[in-house]
Amino acid sequence: MDYLRTIGSAAVLTLVQKSGLNTPFSLGHKVAAYEGESIWTLYDGTKRDDNSPVSVFEFDGSIPNKRNLLPLAKNALRKLRTTRHPDVLKFMDVIETETTVHIMTERVKPLLLEIRTWTPKEIQEQEEWLLWGLHRLSTAIAFVNESANATHGNVRLSSVFLSATGEWKLGGFEVLSTPVDPSAVLYTHGGSLLSAHAISPPEVKKGGWSALRENPTAAADSYALALLIQTLFNPRAGPLPTTQPPHPPPQASSRGAIPSTVFPTLKKLLNPNPKMRLNAKGFLDVGMAESAGEGSGFFKSNRLIKICESLGNFGLMSEGERIHLIRTINDVALTLPSAFATQLVLPSLLNCLSLPAMATQAAAIIPLVVQIGKGVPEDDYAKVVLEPLIKLFASPDRGTRMALLDVLLELAPKLDKRMVSDKIWPNLQTGFSDTVALIREATVKSIGLLSDKFTDRILNNDLLRHLARLQSDPEASIRTNTCILIGRLGPSLGYNSKRKVLIMAFAKALKDDFVHARVAGIMAFMACVDCFEIEELAGKVVGVVCGALVDREKLVRDQAFKAVDLFIKRIEAHAASMPETVANGDAASPLGLGFVAPNGQATITSTAAGAAGALAGWAISSLSGKKVVMSPSSAPLANLHLRTSSRRMSSRRPSPLAASPAPLPLHRFPQHLRSLPRRQSRHPRSRGGCSLVRTSYKGRRSLASGETT
């Protein structure tokens, strides 16, 4: 294959060197499957101007067995250049020398590449597509016969091509001629075509190609069209027996996979009498007939034909006609050929969405676009599907925006971070403040699909401001979904955002009147348990959630118990890894007091009564002076405390402080108390009649009362 490709490229290079011209294309791979099917060698090429894909048909007359075919190549060039029709191969450019012809056309591939690989089951499944293609092909042949008053003369499978949009295109203009043209090649060189005898009508087999001058211009093409229909539906069955003398009418047993509605008309195309033979235009008329008679209406009832005809007039249709068309496309979307659906139907639908009048149909069209877009190659998906849909986010129509939010689940995996942050988010965030609650709720739900593609600024600033406002939304479902969303976003937030936002947001949800909002708040606490420091978990989160243990709704209480159990287990696991005490005993009390239990060991109780008794015993034993440990700096405070307490216990004991009413010197206070701001105490004198301290410290009770801080 590479060797053949090199030969073709070398021929073009030689041509350029001799002519002094630059080729408008560059040759790519040769379509090897088309070799030997025509006088042409087909290449996939690239247009030099814009690198768009093209096809190049090459004829090299310097090859000995092709020299006599040069008039056919020249004729094909002339006719293709002057014949313009939507169903005819599109001519773009040419390079011609005395012995070579290179014709550049739109990118196509031979239809035979598709047909020859199909199984009988696949042919039955593609019956609608084949009939649609026959409709396009018959239109092109009728145009050549009626409008151009010419005979194509080469209607066969190798003359039909598929465009990039999946449309059937008629080519093979090697012998296209008109009877009035004195230099017409059909009547003199028709037999030079490859396998010309296989497609020749009975009059040619009887009187030669020159006999076509005396017959209708459409006669030969109509007969060849019938043979092509046989090839399309029965590619492995061979030619019909009627092609051989004495040309008997086709029998029902030879119908094969040909649709029963088409077969009666096929017989008329094979009429041995050219003057009585049905032409291509008549074949179209029968197929498009409104009546449901035998062998009629097979084109009219075809859904693909309806789609193609209707898409061009979509903007002019009534509301009911548009709905019917969309339903028709939706019904056949999964069975449409990939190229037809993605290159023909999909662009038409996207073009309809760009029209303001089509906004009312957006809810039906956008899901259909996404469904058909699944067949688009991955490399082309962003350009073909994503870009047109992203532009629709700027639409002010709520129906369009709602439809986009509904299909975001399908689109999100294919979006990149830059596309989301720069093109989608600026328009998406307007949905948070929309006056329609349905839009606000759908916008909140869509954030979870795109959050991993947001920038840090959007995630930790812009988005959180919107969500904070939505936590006070009048709609309970929006408040609930907002709390759920914050819980899902929690692990991905920045460190500072976690500290500032999560506890406050979830605590607010626990105060909501809507029961499911409170449940969502508890579940959000549980989902974000790893986002909290252990001190936050013990000091804030547990306290907030414990309030829900006595909620009036059992659903909330049950969830709260599960949450508290989870938190306590986390705290217990962390506490088990902590040391029993700090290394420096003086750090046990900020005042320097270090109390221990009477037996010298810590006591743990599991009941309220036991805890109260142990606490009372601990306090009394400490005051009795049995296990009092003092630091030097705290001795005066200890004596002061014991004085007041002892007077309450026994009025007969003399007060140890009665003989020393002088104020306590400042330098005797602990260091952390000396630094406090001073203010004058207005506390009355003590009951002992002596003023202990007239100076107190802001934020603490006066020591004159005998109570510790």
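Student: What makes the 178 residues of the largest nonpolar core a core?

Tutor: Bear in mind that this is a predicted model. A nonpolar core is a set of buried residues of kinds such as Leu, Phe and Trp, joined through side-chain atoms within 4.5 Å. The largest such set here has 178 residues, and Trp129, Trp168, Leu389 and Phe506 have the most contacts inside it.

Student: Which residues does Phe506 touch, leaving out those up to four places away in sequence?

Tutor: Phe506 touches Cys483, Ile486, Gly487, Gly521, Ala524, Phe525, Cys528 and Phe532. Contact means heavy atoms within 4.5 Å, so each of these residues has to meet that cut-off.

Student: What lies apart from the largest core?

Tutor: Another core, of seven residues, lies apart from it, and Tyr43, Val54, Val56 and Met104 are among its members.

Student: Why is strand β5 called largely enclosed?

Tutor: Count its buried residues. Buried means under 20% relative accessible area. In β5, residues 100–106, seven of the seven residues are buried, so the rest of the structure largely encloses this strand.

Student: How do you know that β3 and β5 pair?

Tutor: Two strands pair if there are at least two bridges between them. Strand β3 (residues 53–60) has seven bridges with β5, in the antiparallel sense. One spot to look at is Val54, which stands opposite Glu106 in β5.

Student: And what joins β4 to β5?

Tutor: Five bridges do, and the two strands run antiparallel. With a cut-off of at least two bridges, β4 and β5 count as paired. Strand β4 covers residues 91–96, and its Ile95 has His102 in β5 as bridge partner. There's also a hairpin, which joins β4 to β5 through three residues.

Student: Why is Arg277 called buried?

Tutor: Set its value against the cut-off: Arg277 has 8% relative accessibility, and buried means under 20%, so Arg277 counts as buried. You'll find Arg277 in the loop between α10 (263–269) and α11 (280–287).

Student: What makes the link between Arg277 and Glu203 a polar contact?

Tutor: The cut-off is 3.5 Å for a pair of N or O atoms, one able to donate a hydrogen and the other to accept it. The side chains of Arg277 and Glu203 are joined at 3.0 Å, which fits. The Arg277 side chain also reaches the backbone oxygen of Ala219 at 2.9 Å. Beyond its neighbours within four places in sequence, Arg277 contacts several residues, including Pro201, Tyr223, Lys268 and Asn271.

Student: Is Asp473 buried or exposed?

Tutor: Asp473 is at 7% relative accessibility, so it counts as buried. Asp473 is placed in the loop between α21 and α22 (476–489). Not counting residues up to four places away in sequence, Asp473 touches Arg440, Ile478 and Arg479. Asp473 and Arg440 are 33 residues apart in sequence, with 9.6 Å between their C-alpha atoms.

Student: Why is Ala33 called partly exposed?

Tutor: Partly exposed sits between the 20% and 50% cut-offs. Ala33 is at 40% relative accessibility, so it counts as partly exposed. Ala33 is in the loop between β1 (25–30) and β2 (41–47). Leaving out residues up to four places away, Ala33 touches Leu112 and Leu113. Along the chain, Ala33 and Leu112 are 79 residues apart, while their C-alpha atoms are separated by 8.8 Å.

Student: How do you know that α19 spans only 14 Å where a straight helix would span 16 Å?

Tutor: The expected span is 1.5 Å times one less than the number of residues. For twelve residues that gives 16 Å, but α19 (residues 417–428) spans only 14 Å between its end C-alpha atoms. At the start of α19, a side-chain oxygen of Asp416 reaches to within 3.3 Å of the backbone nitrogen of Arg418. Buried residues of α19 include Met419, Ile424 and Trp425, and its buried residues pack against α16, α17, α20 and α21.

Student: What span does α24 reach?

Tutor: Helix α24 (residues 515–527) reaches 18 Å from its first C-alpha to its last, close to the 18 Å expected for its 13 residues. Among its buried residues are Val515, Gly521 and Phe525. The buried residues of α24 pack against α22, α23, α25 and α26.

Terms used
Residues are numbered from 1 along each chain as its sequence is written. This is a predicted model: local features need pLDDT of at least 70, side-chain atom pairs count only at pLDDT 80 or more; totals for chains, interfaces and linings use all residues. Side-chain values use heavy atoms; hydrogens and water are left out. Helices (H or I, at least four residues) and strands (E, at least two) are DSSP runs, numbered from the N terminus. Buried means under 20% relative accessible area, exposed over 50%, partly exposed in between (1.4 Å probe, protein chains only).
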